[in-house]
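Have a look at the structure below, and let's work through it together with a few questions. Each answer walks through the reasoning before it lands on the result.

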Amino acid sequence: MTSLRYFLTISLLLLVGVADGYACFGPYFQPSGYMMFRAYDPDGNINTADAVQENCLAWQRLTSMTIPIEDIRYVVYTMPLKEYEAFYDGTGTYLHNFFTGWISEYGRDIMDFLLLAKTNEYIRQKRSSRWYYPTMRIDARMTIEEVVEKALSNTSTRLRDRYLLQAIRALFSLGNYEECIKLWNDEMSKFPQYNAMRKLAQPYIAGAEFRLGHSDTAFQYYAELGDSESIAYCAKQMGKELTTIELIELVHKYAPNSSELERLVQNAVREVEIWNDNGGYNGYRDCTDLMKSQSSALYQLSLRIINEGKTSNPAMWYYTASFLADFQGNTQQATQLLSLAEKAKGTDYVKESIKVLRIYLDAKALPYDNAYEQRLFAQLQWLDNKIKSNITPEAQEKAIKNYYSYLSINKSYYYWNDMMRRVLLSVVCPRMIEQGKQVRALQLANMADNRLLGLVNYIRDDYYSNEKKTMVEKTIPLNEFRRSTKHFNHLDYRNDFFILTDSIGVDNVIAYYGRVRSPKSDFDRFLNTRGYVDRDYLLDIVGTQCLRNMRYADAERYLGAITPSFYGHLNVYQERNPFEIRYNYDYNDADFRYQFAKEMNALECKIASTANPDERAQTMVRFAIGLRSSFGWSWSLTQYFSGGGHYGSKEFKRWHNGPEMQAAYKRVDELITTACSIVTDREVAAMIQYDLCNFREVATKYYDTQMAKVVWGKCDNLIDYHAEKQSW
Amino acid sequence: MKNYTLILLLAITLIGCRQAVDETTQVDQSMQQVITTAYKSTETTNAIYHWKTTFAPDYKEWEFLHRHNITRLYIHMFDVVTERNYESGRWDIVPIATTKFGQIAPENIKNIEIIPTAYITVEALREMKGKEQEYAELLVERLRAMARYNKLGKTQEIQFDCDWTKSTRDSYFALCDAARNLMREDSIALSATIRLHQLSQDAPPVDRGVLMLYNTGNLKSVETKNSILDIKDVEPYLKQEIKYPIPLDYVYPTYGWGVKFYRGGNFNAIVSNPATETLEKGETMRNERPTVEEILEVKKLVEKQLGKPSIGNIIYHFDKEQLNHYTDDDIAKIFSNN
């Protein structure tokens, strides 16, 4: 019951999702802090690198398909003007480049064009330098005015769009905005919309329109280009600092289907998510009000946009409204809006995000009955498939390199795995426990912590190399890491699953172990194969918890079943004999828990079966010393963690002064009191006090015994050990 | 045969070099001639510095120039500083505080020669190491472009102002050398400011120098009597006669300010108008404005040890409010070459 209460406290903390901040470290997020909102597909949008590639491909089509793209890219984008001029004049060194080879033989017009384009860029760059001052001489073979003249006088059809772009660029630099717009209206806009030169010219036209005071036209162009930064900049120039939501509204007004909207909406929602996870802080100040107003304004705007009916992606707006309704605490409203999102038209990308939100809202809202279990099973199968099939080399590398550090602070880095962890750890597991389904909660937590790790199957770790006499970093298979004594196992004893097993109660852990060994359903089997269910690992946890609960016969059974190859690689070790109050460095049994369980079990049996009061008393004292030390200096017999510091946001249970420890200490006191009261032989009584390190007692009360002589022979300033204080 | 070819090539190269050296010397001599000829006709050429970021003198200020026969005007054009580039992570060398020019009536500058001047910080100079040629080109071209664009008349000289020291000397000299070479073709001279502490070192490779006789003391020390000009601060540098390798002119201060100190004597701020400044309890203020007598005392010492100015005397700086503190007679005495 206490364990359940304890775990519920943790779960509530998880649900609140407050990120802690510590000096010298970044913030620690709870599993609820994983970024969930996802609307913008970065792979579905052209970026600068794509535009460069597109242009190089266009040059390839214009010249020869056998010319490598890299050769084209070098000449068009990388080659400095001076080097190109030398090539153009035939005075440069030989270039092993197929593109220059081809154009010098078959494409004089291309050579001329590239000279003009490179000169244009060179001049424009000089003019944009901080050093530039009007009338400054620029070391180029033509002026920018001549660039315009030459570009416009060239009538070559195949290079016309390229020359027009150069003319527009040069005219823009000269501030001749009217002429830029005229060229656009007369010629450039006549090229098809997919024309790369037209696309590259459009931002200049937008800029020209704005400078001439035609802000509406400028916003229209910028919105079509998806350039919201320029819209915000222009609005600021006009004296209006746009909020994120106003910017979204403006882009929607001019281009309701721009993919820029997805990016802006995602940024706005994630901003709110981050502030929320930071407890309403943006790193500098309290922005709780801003967070509320931004989420509310975006929620309203989403509904308004759906009603206007101009968007071709209504699913995204329903999804946004649903997400924000839940964020504002209205899960029922969120569920209804999500149903509309599921039915509405939208991109595949957004549809996937909708499915994730469905899993999350179901987990929050549905009753945890058998029907839900089946639904969750199907949802997890889908999510698991996403984790498996979408893993990128980058995410894989991050998992190998930083698995533990990312896991311990719940840092977002691989969307599908993040979502599984968020749903399971922040919602499903706490609710399962509430419903009394502890075994299921353990299974799910195990999958949440270990699924990605199992897929990646490697870990990068550093350890001290005796050969190299230094720390060495190595990527090793997971199995080798777990069975090696060289590595400190930070993975399996610090994750959420372990923390849950450690606090959920020994009977639940035993039941969980049983379900791992004998699964009852397909869902059990599914979860078992996606968690870390090594038999020895689980046996050790079960056995240790039996020791913690003074169930020595059970402990002996479970710990005795562990294979020897598992010994010695736990996250703790034992170097002190638990049956001696005095420090003994020689004790270093690899299977120290098993040895302890065995002896405690034997002592317990002997106490029950021995009739001789002196022998029984001595057995009781030995048992009592072992029991006390298993929660004291030999705490690793009953625990995996003791102390104050740990890395990350995990809430480890500290067993110090817990009910198990109090029960054990009570029993110790009773045993010692009983032992002292039943002993009949003064020599045995003295030996008992000697074992308890009560040397003064031995010397004064049992002055006539052999043990008293031994004590006097060693020291004349005698004191007693106070077991209750664990000090002299 | 191969050896003979090599020797022949070496000989041609050496002759070529010799010719180049001769040409350089000839140009240097002719440049000196240009400068000397240009200023021979008048007995003294009075000059003044304009060191503000807006150049828009009013009628009275133009009148001041003409009344005092000031025919050379050194105008601060920009500062060259280092600035963190947050994209590249490097330090960029950039011009800042570029002077803005108001409308200039042609008759006002008809007989006035403008000397565009750039102040180069030591940090920028350090960053220029190895790239002096590149920055010399930028400096020269920008100064000339500013003069052209703002119709400041034909540029005959440009000036660099830099507080270089032993550790930055090589870079500064390389910068000056490169700049002078660039301007040689157009017969434009390069001058440089010289600070008192620089007198003991080699002269920079420039055509002329301008010795700064202001800001001679420690501004921030409460012990200082007058940080703008104090003969006691000048004397240590001019203990004996000095034959400075390049022609020198002298700049004298015609400005003043208040220097405010916290209780305890720590420097607080420069106060441009000390008369209206209120002091907190325990604060002190030092009023600094060299008197004409103090300036003339320094002038006497400077001319004794370094000789008469090569072209004329210069005052710092062209600011109506500051110049109002000096009478026409005071100004005439400072400019006087007698």
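Q: How much area does chain B expose?
A: A friendly reminder to begin with: this is a predicted model. Carbon and sulfur atoms supply 50% of the exposed area of chain B. The area that chain B exposes comes to about 17,500 Å².

Q: What percentage of the residues of chain B count as buried?
A: To count as buried, a residue must have under 20% relative accessible area. Chain B has 338 residues to sort by that cut-off. The share that counts as buried is 50%.

Q: How many helices and how many strands are there in chain B?
A: Chain B brings together parts that lie apart in sequence: of its contacts with a separation of 6 or more, 75% are between residues 24 or more positions apart. As for its elements, chain B has 9 helices and 14 strands.

Q: Which three residues supply 63% of the area that chain A buries against chain B?
A: The contact takes 8 residues from chain A and 19 residues from chain B. Between the two chains about 1,300 Å² is buried, and carbon and sulfur atoms give 62% of that area. On the side of chain A, no other three residues supply more than A:Arg130, A:Trp131 and A:Tyr133.

Q: How do the residues of the side of chain A that touches chain B divide into nonpolar, polar and charged?
A: Polar contacts do cross this interface, with 7 residue pairs found by the rule. Looking at residue types on the side of chain A, the division is 5 nonpolar, 1 polar and 2 charged.

Q: Which residue of chain A meets the side chain of B:Glu141 in a salt bridge?
A: Side chains of opposite charge can pair when their charged atoms come close. Between chain A and chain B the count is 2 salt bridges. In one of them, with N to O at 3.9 Å, which is within the 4 Å cut-off, the partner of B:Glu141 is A:Arg137.

Q: In which helix do A:Arg73 and A:Glu70 both lie?
A: These two residues form a salt bridge, with their closest N and O atoms 3.2 Å apart. A:Glu70 is exposed at 52% relative accessible area, while A:Arg73 is partly exposed at 23%. They sit 3 residues apart, about one turn of the helix, and that helix is α3 (residues 69-78) of chain A.

Q: How many residues apart are A:Lys182 and A:Asp186 in helix α9?
A: The side chains of A:Lys182 and A:Asp186 meet in a salt bridge at 3.0 Å, N to O. A:Lys182 is partly exposed, with a relative accessible area of 45%, and A:Asp186 is partly exposed as well, at 43%. Along helix α9 (residues 177-186) of chain A the spacing is about one turn, or 4 residues.

Q: Are A:Arg421 and A:Asp496 buried or exposed?
A: The side chains of A:Arg421 and A:Asp496 meet in a salt bridge (3.4 Å, N to O). The pair links distant parts of the chain, 75 residues apart: A:Arg421 is in helix α21 (residues 415-434) and A:Asp496 in helix α24 (residues 496-503) of chain A. Because the cut-off for buried is under 20% relative accessible area, A:Arg421 at 2% and A:Asp496 at 13% both count as buried.

Q: Which residues of chain B are linked in a network of salt bridges?
A: Over all chains, the count comes to 70 salt bridges. In chain B, a network of them links B:Arg72, B:Glu113, B:Glu157, B:Arg208 and B:Asp249.

Q: What is the omega of the peptide bond from B:Tyr316 to B:His317?
A: B:His317 lies in the loop between β14 (313-316) and α8 (320-323) of chain B. The peptide bond that leads to B:His317 from B:Tyr316 is cis, with omega near 10°.

Q: Is A:Met550 buried or exposed?
A: A:Met550 has a positive phi, near 60°, in a residue other than glycine. A:Met550 lies in the loop between α27 (535-548) and α28 (552-560) of chain A. With a relative accessible area of 18%, A:Met550 is buried.

Q: What is the phi of B:Ala97?
A: B:Ala97 is found in the loop between β4 (91-96) and β5 (100-101) of chain B. At 32% relative accessibility, B:Ala97 counts as partly exposed. Although B:Ala97 is not a glycine, its phi is positive, at about 50°.

Methods. Residues are numbered from 1 along each chain as its sequence is written. Chains are lettered from A and ligands numbered from 1 in the order in which they are written. This is a predicted model: local features need pLDDT of at least 70, side-chain atom pairs count only at pLDDT 80 or more; totals for chains, interfaces and linings use all residues. Side-chain values use heavy atoms; hydrogens and water are left out. Contact means heavy atoms within 4.5 Å. Buried area is the accessible area (1.4 Å probe) that two parts lose on being put together, summed over both. A polar contact is a pair of N or O atoms within 3.5 Å; within protein, one must be able to donate a hydrogen and the other to accept it, and residues adjacent in sequence count only if both atoms are side-chain atoms. Ala, Val, Leu, Ile, Met, Phe, Trp, Tyr, Cys and Pro count as nonpolar, Asp, Glu, Lys and Arg as charged, and the others, Gly among them, as polar. Helices (H or I, at least four residues) and strands (E, at least two) are DSSP runs, numbered from the N terminus. Buried means under 20% relative accessible area, exposed over 50%, partly exposed in between (1.4 Å probe, protein chains only). Accessible areas come from the Shrake-Rupley method with a 1.4 Å probe; for residues, only the protein chains shown count as cover.
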